[in-house]
Amino acid sequence: MVVLRGQEYQAPQEVETREDEEQNIKLTEILELLVAAGYFRARIKGLSPFDKVVGGMTWCITTCSFDIDVDLLFQENSTIGQKIALTEKIVSVLPKMKCPHRLEPHQIQGLDFIHIFPVVQWLVKRAIETREETGDYIRSYSISQFQKTHRLPEDDEFMQRKEKAIKAVTDIFEVYKPQRKYKRQKGAEELLDEESKVHATLLEYGRRYGFSRQAGKTEQAEDKKIVVPPGLAAAGKAEPCDEDDLQAAEELRIKTLMTGMAAMATEEGKLTASTVGQIVGLQSDEIKQIVSEYAEKQSELSAEERPERLGAAQQHRRKVASLNKQILQKNKLLEELQAKCTDLQAKCTEAKKTLTEVKSYSEKLDKELAALETIESQADSSILQSLRALVAMNENLKSQEQEFKAHCREEMERLQQSIENLKAEAVENGEEQEPNKIIEQQYKTEKDKLQKIRLLLARRNREIAILQRKIDEVPSRAELTQYQKRFIELYSQVSATHKETKQFFTLYNTLDDKKVYLEKEVNLLNSIHDNFHQAMSSSGSREQFLRQMEQIVEGIKQNRMKMEKKKQENKMRRDQLNDEYLELLEKQRLYFKTVKEFKEECRKNEILLSKLKTSSS
């Protein structure tokens, strides 16, 4: 046996798993969190808890779109080595994502759900926040990109209404803008009170507002030291107690303010035809036209009544203007008639097209009728008569069906009318109250029964769900076989690694021994080469040199014999181990055969038990 020199082989640590009620509760909470976040593969019952949890953590990390250099490639039913590598990658990524909770690879591998739960909870929260942010960003970006190149019908309609509304608002501002009617005279007394100035300005634009009650008090006038006109001061000192006195005082103040104003123009209160049109509404074309015609007629009548006041040139201008307006009206009428004419021409061309199509279709029908007549003349007369009789029967049945439907409708209307009449009579006679009460009572009882049945059904469903969870917790035969396969795979991987390490150590020992022997040979050759000339100088030294060479050769032969003996011993040991290996293989074959027979007997036992149950039931 070769002694291993260097590091000794260490067996892999066994992973302990905790299977208690708290672990199962945390597992269910983790799966509920993952499903709520959108990882619906956690619902699949065929997957193991490791695949569900690690797959969910990998999905959350990739959903967070965090910039990392680790390739988190998750595969279901992975080998033990792949699982260990994946858990180490996940644990290395979590500190980069600034996760506040610490987690170790052996905790994930050992399914320590108590320590895994806070990490999964934080990852799910981070994934939901990232998905909301990206969703809002993508939605706003898509809306902005759509609005750059497209426009909805509502937007076009809004732009049209916006232009019309702006135009209408500007027109209203133009129509209803404030107009100054009065102006203070230059020689009027100057107003020093701010409230008097405000009301004087409002009166200039035709607005009448009363003063506040405190404006006329002498205390306020003394505090502010304001000079008030005599009329206002007298009215302010009166301090009327009732509303009539107050109104009279305000009228007096307004009159005193109006005495210092003069009108802006003499024709301020006269309304023209255009003003009437603006007041009624600028958007009504008919009212505008009527107003313009009214103004023209009024001007013509005034011109005819007072021809002596107007000159000939002015009368000529008026006639020319009226004739021009008539020409414009006739032109508009001509344009309308031309438009109608074009519409009628288009309709006429369309009617001609339809007429040609109808003619062509009629010709086609005539051709088909002629072809049918030729076919009919060539066909058998008895078959034609039977077909005609069947067609007539079909038409007769269709007419009978229509008549029957009409009769059924009439009968239904009559029955409905009779039902309504009976209901009305029953309501009048008071006979329908008791049946309604009975029906309502039956409805309530049936509703209560339905509610109780629903409660029982919900309770039974909860019991079924609890039993289903308990059944799912018990590993099935397929799961046990899967565990066995995984353990066998782990054992084979460990044994292969052990064998490879052992081979490396054996190779190292062999090469080290070879190096030692080569160094000895080199030293021996160097010593022979160094002492050769000195030994050949005399006969005594030559004989001594030859004796030493013979002793060296004898030592080499003895070493060779020892190595040959050791080789034979190792060979015998190898043959012995090979025989033991063959015996173990035979035992393994016998074991597999026994297990197969046991499974077959178990299957037969299950079939017999099921038959026994069916026969007993």
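In this predicted model, D136 counts as partly exposed, at 47% relative accessibility (buried means under 20% relative accessible area, exposed over 50%, and partly exposed in between, with a 1.4 Å probe and protein chains only). Its partner R139 is likewise partly exposed, with a relative accessible area of 48%. The two side chains meet in a salt bridge, N to O, at 3.0 Å; the term stands for a side-chain nitrogen of Lys or Arg within 4 Å of a carboxyl oxygen of Asp or Glu. Both residues belong to helix α5 (residues 113-149), where they sit 3 residues apart, about one turn of the helix. Helices here are DSSP runs (H or I) of at least four residues, and strands (E) of at least two, numbered from the N terminus.

Helix α17 offers two further pairs to look at. This helix spans residues 539-616 and holds both R589 and E586, 3 residues apart. Their closest N and O atoms are 3.2 Å apart in a salt bridge. R589 counts as exposed at 52% relative accessibility, whereas E586, at 48%, counts as partly exposed.

In the second pair, the side chains of R603 and E600 form a salt bridge at 2.3 Å, N to O. Because R603 and E600 are 3 residues apart in helix α17, about one helical turn separates them. R603 is partly exposed at 41% relative accessible area, and E600 is partly exposed at 31%. The structure holds 11 salt bridges.

Residues are numbered from 1 along each chain as its sequence is written, and side-chain values use heavy atoms, leaving out hydrogens and water. As the model is predicted, local features need pLDDT of at least 70 and side-chain atom pairs count only at pLDDT 80 or more, while totals for chains, interfaces and linings use all residues.
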